[in-house]
Amino acid sequence: MKREFSIMIPTFGRPLLLEHAIKSALSQDAGIDLEIIVVDNDHDSKFDSEKVVKKFSDKRLSYVRNPVNLGMCGNWNKCIELASSEWMTILHDDDQLHSAYVATILQRIKKTPELSIIGCGVRQITDASFADEALLDVSNATAYLHLNSMDVLRCCPYYPVGVAFNKAAASKINGFDAAKYPCLDYDMWYRMLRDYQGGLLSARLAFYRKFENESARGDVLAGFLLESYQIRQQVIATFPAPLEYFLEVYSQRRIMADKENLESVWGTPIDMALVDNIEHQTRPGFIEKVVSTVVKVLVVACSGRKSYKLAV
């Protein structure tokens, strides 16, 4: 039966955090015809994820175990396949949603029916406890920003949590691409924004947990730098010279800014020797500032916005 919205929860071996994720999903407005499906990639049942699901007696919640381990990307794509709703979100088993998340997303989709992907603001948490949603500011829940593929030049405009997307559109672009690890979501969001209309809600409606996360590994962070650079190259390739030159310079200079940001967020140094085939400099100068300004103007011009602002 087709539902109004699907919250898909891929999981593997984190029963305590999974319980928190399910609890936040079940907190959504009871008036919404919602489905919540836990998709367990632990094919040989080493952990107690199914027992966690059975703790909750709610007809909106169901459980699926993959017969074989599909890998992280495969499990995310399995979530897309299993969702019965037109709109869905993937809630990772260590993250949480505000109780107003789905209602706010559906309200914006109703106002802007041309959308195929929309994200929201996020607050980071750093321990294994259930996060108090009072920490999230939803006072600006209606504040909205239009996005397009140009927005990925600066950074990934969406966090891994709180992104809702149209199932049919995601299926048409073949979902997540395992070859893009560790930027599976960045690449997916870029391709969605390239082919469809996107947006961003300013309100913080989700929690992103920095806890027992493989993203903290130096080699994974180096992979993020390389893959994010390559994603930007796909955008740049659509522009003629001399704009392509300016955008290429900007993209190369973004590498060090991304490095500093990732090291600050995760507290892990990144060995740039692991990032092959990228020219980079450590000190931005006058040319870089000029190029950065040109890029911002291009983003505004291409999106129709009055100002350049990306804050998630």
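## A walk through cavities, rings and one loop

A search of the whole structure, which is a predicted model, turns up two cavities of 30 Å³ or more. Let's visit them in turn, then look at some rings and a loop residue.

**Stop 1: the largest cavity.** Select Trp76, Ile90, His92, Pro160, Val163, Phe165, Phe176, Asp185 and Trp189, and you have the lining of the largest cavity. The space inside has a volume of about 60 Å³. Colour your selection by class and you should get seven nonpolar residues, one polar and one charged.

**Stop 2: the rings around Trp76.** Keep Trp76, Phe165, Phe176 and Trp189 on screen and add Tyr158: these five residues form one aromatic cluster. Across the structure there are eight aromatic pairs. One of them is Trp76 with Phe176, an edge-to-face pair with 5.0 Å from centre to centre and 70° between the planes. Now switch on the cartoon. Trp76 belongs to helix H3 (residues 71-82), while Phe176 is in the loop between helix H5 (167-172) and helix H6 (184-195), so this pair ties together parts that lie 100 residues apart in sequence. Are these two residues buried or exposed? Both Trp76 and Phe176 are buried.

**Stop 3: the second largest cavity.** Next, select Thr104, Gln107, Arg108, Lys111, Ala141, Thr142 and Leu201, which line the second largest cavity. About 50 Å³ of space lies in there. Which element gives the largest share of this lining? That's helix H4 (residues 101-111), with four residues. Sorted by class, the lining comes out as two nonpolar, three polar and two charged residues.

**Stop 4: charges over rings.** Stay on Arg108, one of the residues lining the second largest cavity, and bring up Tyr144. Arg108 lies over the face of Tyr144, 4.1 Å from the ring centre. For another view of this kind, go to Lys23 and Phe130: the charged end of Lys23 sits over the Phe130 ring, at 4.3 Å from its centre.

**Stop 5: Thr268.** Finish in the loop between helix H8 (243-266) and helix H9 (286-303), where you'll find Thr268. Its relative accessible area is 16%, and the cut-off for buried is under 20%, so Thr268 counts as buried. To see what surrounds Thr268, show Ala216, Arg217, Gly218, Leu221 and Glu263; Thr268 touches each of these, leaving aside residues up to four places away in sequence.

Note on methods
Residues are numbered from 1 along each chain as its sequence is written. This is a predicted model: local features need pLDDT of at least 70, side-chain atom pairs count only at pLDDT 80 or more; totals for chains, interfaces and linings use all residues. Side-chain values use heavy atoms; hydrogens and water are left out. On a 1 Å grid over the protein atoms alone, a cavity is a set of points where a 1.4 Å probe fits but cannot get out, and a pocket is an open set with protein on both sides within 12 Å along at least five of seven lines; lining residues have an atom within 4 Å of a point. Grid points are joined across faces, edges and corners, and a volume is the space filled by probe spheres set on the points. Ala, Val, Leu, Ile, Met, Phe, Trp, Tyr, Cys and Pro count as nonpolar, Asp, Glu, Lys and Arg as charged, and the others, Gly among them, as polar. Helices (H or I, at least four residues) and strands (E, at least two) are DSSP runs, numbered from the N terminus. Rings of Phe, Tyr and Trp (its six-membered ring) pair if their centres lie within 6.5 Å; planes under 30 degrees apart count as stacked, over 60 as edge-to-face and the rest as tilted. Buried means under 20% relative accessible area, exposed over 50%, partly exposed in between (1.4 Å probe, protein chains only). A charge sits over a ring if NZ of Lys or CZ of Arg is within 6 Å of the ring centre and within 35 degrees of the ring normal. Contact means heavy atoms within 4.5 Å.
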